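Me: I have a model on the bench screen and would like a close look at one part of it. Take me through a single strand, its neighbours and its setting.

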Amino acid sequence: GPLRELVRSWVGLRMVLCPTNLPPKPWLSVVSSRLQHPLYEQTEWFDRLRCACRSAQAHGETLVYADKTTTAQFLERCGFLFQLPTLRLEVAPDRQTMKRWIHQCVRNVARKPSDSLHHTAYFSPPLDVDTQSAQAGSVPTRDALAVALADRIIALGVRPNGHIQHLLTERRA
């Protein structure tokens with residue numbers, strides 16, 4: 001469908017490994033541009049994060065987030081605190097070899113025992129060479145996946161002309 005084409009146009013053709021069943025839909029992606037420091041001064045941002053988690057509880061949603069993004073460490077913790085299902089998107093570097101990606105997936109799966117509430121989906125490097133060159137200078141793959149795969153998106157903070165703003169505008173179009 002149109003969502004599948006959007007994902008492919010943003011991140012290219014990739015393999016996905018999810019050692020457990022995918023968590024239930026609907027999926028809520030909570031995204032944000034970079035968070036200012038010191039963190040303890042960002043009380044409004046954390047208030048919005050708590051509201052997003054309460055909203056996810058009320059709607060029976062799974063929190064979706066990508067590793068190494070602004071919201072990742074906080075959403076992982078929120079999954080435990082609010083007892084929400086989570087789906088972490090772990091994205092391989094574009095230039096990583098498939099052999100190395102598979103080796104890392106096997107190692108990660110063995111190291112992190114699965115549970116019924118918290119899931120990880122491992123995304124391979126692009127399978128099509130065109131994507132590797134097209135991605136250079138565009139939005140980060142992890143941000144693109146978090147925005148593209150969600151059924152609903154809550155943006156906690158958006159920097160003007162930043163990656164998140166660009167992705168939200170494209171997704172809405």
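**A close look at strand 5**

Reply: Start with a residue outside the strand. Met15 counts as partly exposed, because its relative accessibility is 36%. Keep in mind that this is a predicted model. Met15 sits in the loop that links helix 1 (2-11) to strand 1 (16-17). Together with Leu13 and Leu127, Met15 makes a nonpolar surface patch of about 240 Å².

Now step to the strand itself. Strand 5 covers residues 118-123. How many of its residues are buried? The count is 6 of 6, so the strand is mostly covered, with buried meaning under 20% relative accessible area. Side chains in a regular strand alternate between the two faces of the sheet. Here both faces are covered. One side carries His118, Thr120 and Tyr122. The other side carries His119, Ala121 and Phe123. Each of these residues is buried.

Next, the neighbours. Strand 1 pairs with strand 5 in the antiparallel sense, over 2 bridges. Within that pairing, Leu17 has Tyr122 of strand 5 as its bridge partner. Tyr122 is also one of the buried residues listed above. Strand 4, residues 86-91, pairs with strand 5 as well, this time in the parallel sense and over 6 bridges. There, Thr86 has His118 of strand 5 as its bridge partner. So strand 5 has an antiparallel pairing with strand 1 and a parallel pairing with strand 4, where a pair needs at least two bridges.

What about the cysteines? The structure holds 0 disulfides. Cys18 is in no disulfide, and the nearest cysteine sulfur, in Cys105, lies 11 Å away. Cys53 is another case. Its closest cysteine sulfur belongs to Cys78, at 3.5 Å. That is too far for a bond, because the cut-off is within 2.5 Å. Cys53 is buried, because its relative accessible area is 1%.

Finally, the wider setting. The protein chain has 7 helices and 6 strands. From the N terminus, the order is α-β-β-α-β-α-β-α-β-α-α-β-α. Of the 173 residues, 47% count as buried. The C-alpha trace spans about 40 × 40 × 35 Å along its principal axes. The radius of gyration of the protein chain is 16 Å, which agrees with the value near 16 Å for a compact globule of 173 residues.

Technical notes:
Residues are numbered from 1 along each chain as its sequence is written. This is a predicted model: local features need pLDDT of at least 70, side-chain atom pairs count only at pLDDT 80 or more; totals for chains, interfaces and linings use all residues. Side-chain values use heavy atoms; hydrogens and water are left out. Patches are made of residues with over 30% relative accessible area and no salt bridge: like charges are joined within 9 Å, nonpolar side chains (Val, Leu, Ile, Met, Phe, Trp, Tyr) within 5 Å. Accessible areas come from the Shrake-Rupley method with a 1.4 Å probe; for residues, only the protein chains shown count as cover. A salt bridge is a side-chain nitrogen of Lys or Arg within 4 Å of a carboxyl oxygen of Asp or Glu. Helices (H or I, at least four residues) and strands (E, at least two) are DSSP runs, numbered from the N terminus. Buried means under 20% relative accessible area, exposed over 50%, partly exposed in between (1.4 Å probe, protein chains only). The radius of gyration is taken over C-alpha atoms; the globule rule is 2.2 Å times the number of residues to the power 0.38.
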